[in-house]
Amino acid sequence: YIAALEVANSTFPTQPLISKIYPNPFNPIINFDLNVFTVENITIDIYDIKGNKIETVFSGLLNTGNHTFSWDGKNNATGIYMIQCSSDKNSKTQKIFLMK
């Protein structure tokens with residue numbers, strides 16, 4: 001039983017995960033859920049397709065659990081954008097589509 005427990009623990013996610021993006025494509029507001037598995041400093045930034053930072057949605061300490069965020073793209077052109085979630089340990093990026 002101990003070996004099975006060790007395998008189960010090694011596959012448990014430990015890094016923040018953007019779990020749900022809705023709606024996508026969006027106009028002009030997009031919502032997304034972030035699952036945090038340990039208390040961490042988190043930064044959520046929006047980038048355009050060229051890699052230019054458009055806006056910081058959140059920057060600070062998050063407790064474990066599910067957190068919902070929104071971004072209003074009304075002042076931006078139709079196109080592909082990226083949501084980047086960064087912690088002290090890693091960074092994840094996901095593509096979103098703004099359609100006006």
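Contact here means heavy atoms within 4.5 Å. The model on screen is predicted.

**Stop 1: the whole chain**

Show the protein chain as a cartoon. It has one helix and seven strands. Read from the N terminus, the elements run α-β-β-β-β-β-β-β. Now colour by accessibility. Of the 100 residues in the protein chain, 32% are buried. Consider the contacts with a separation of 6 or more: residues 24 or more positions apart account for 54% of them.

**Stop 2: the three-stranded sheet**

Select β1 (17-22) and β2 (29-36), then add β5 (65-72). Together they make an open sheet in the order β1-β2-β5, with antiparallel pairing. β1 and β5 are the edge strands, each pairing on one side only. On average, neighbouring strands of this sheet are turned by 25 degrees against each other, direction ignored.

Take the two pairings in turn. β1 and β2 are joined antiparallel over five bridges. Pick leucine 17 as a marker: asparagine 35 in β2 stands opposite. β2 and β5 are antiparallel too, over eight bridges. Here the marker is aspartate 33, whose bridge partner in β5 is threonine 68. In general, strands of a sheet pair through backbone hydrogen bonds.

**Stop 3: the hairpin loop**

Stay with β1 and β2. They form a hairpin, and six residues lie between them. Zoom in on that loop and show the backbone. Which way does the peptide bond from asparagine 24 to proline 25 go, cis or trans? This bond is cis, with omega near 15 degrees. Proline 25 sits in the loop between β1 and β2.

Move along to asparagine 27. The peptide bond from asparagine 27 to proline 28 is also cis, with omega near -15 degrees. Proline 28 belongs to the loop between β1 and β2 as well. As background, most peptide bonds are trans.

**Stop 4: the nonpolar core**

Switch to side chains. The largest nonpolar core has 17 residues. Select Leu34, Ile44, Trp71, Ile83 and Ile96: these have the most contacts inside it. At least two core residues come from each of β2, β3 (40-48), β5, β6 (79-86) and β7 (91-98). β2 gives the largest share, four residues. Nonpolar side chains tend to be buried together in soluble globular proteins.

Centre on tryptophan 71. Leave out residues up to four places away in sequence. Tryptophan 71 then touches Phe26, Pro28, Ile29, Ile30, Ile46, Ile54, Glu55, Val57, Asn76, Tyr81 and Ile96. Note Pro28 in that list: proline 28 was a stop in the hairpin loop.

**Stop 5: histidine 67**

Select histidine 67, in strand β5. Is histidine 67 buried or exposed? Its relative accessibility is 19%, so histidine 67 counts as buried; the cut-off is under 20%. Draw a distance from its side chain to the backbone oxygen of asparagine 63: the value is 2.8 Å. Beyond four places in sequence, histidine 67 touches Phe32, Asp33, Leu34, Val36 and Leu62.

**Stop 6: aspartate 45 and the salt bridge**

How many salt bridges does a search of the whole structure find? It finds one. Lysine 53 forms a salt bridge with aspartate 45, and the closest N and O atoms are 4.0 Å apart.

Keep aspartate 45 selected. It is in strand β3. With a relative accessible area of 6%, aspartate 45 is buried. Add threonine 56: a polar contact of 2.7 Å joins its side chain to that of aspartate 45. Now expand the selection, ignoring neighbours within four places in sequence. Aspartate 45 is in contact with Lys53, Glu55, Thr56, Met82, Ile83 and Gln84. Ile83 is one of the core residues from the nonpolar stop.

**Stop 7: asparagine 41**

Stay on β3 and select asparagine 41. Asparagine 41 is partly exposed, with a relative accessible area of 40%. Outside four places in sequence, the contacts of asparagine 41 are Gly60, Leu61, Ser86, Ser87 and Asp88. To finish, link the C-alpha atoms of asparagine 41 and asparagine 63. They are 22 residues apart along the chain and separated by 9.0 Å. Asparagine 63 also featured earlier, as its backbone oxygen is reached by the side chain of histidine 67.

Conventions: Residues numbered from 1 in each chain as written. Predicted model: local features only at pLDDT ≥ 70, side-chain atom pairs only at ≥ 80, totals over all residues. Heavy atoms only, no water. Pairing = 2+ DSSP bridges. Axes fitted to C-alpha atoms, helices over the stretch in contact; angles between N-to-C directions. Core = buried A, V, L, I, M, F, W, Y, C linked by side-chain atoms within 4.5 Å. Buried < 20%, exposed > 50% of the residue type's maximum accessible area, 1.4 Å probe, protein only. Polar contact = N/O pair within 3.5 Å; in protein donor to acceptor, adjacent residues only side chain to side chain. Salt bridge = Lys/Arg side-chain N within 4 Å of Asp/Glu carboxyl O.
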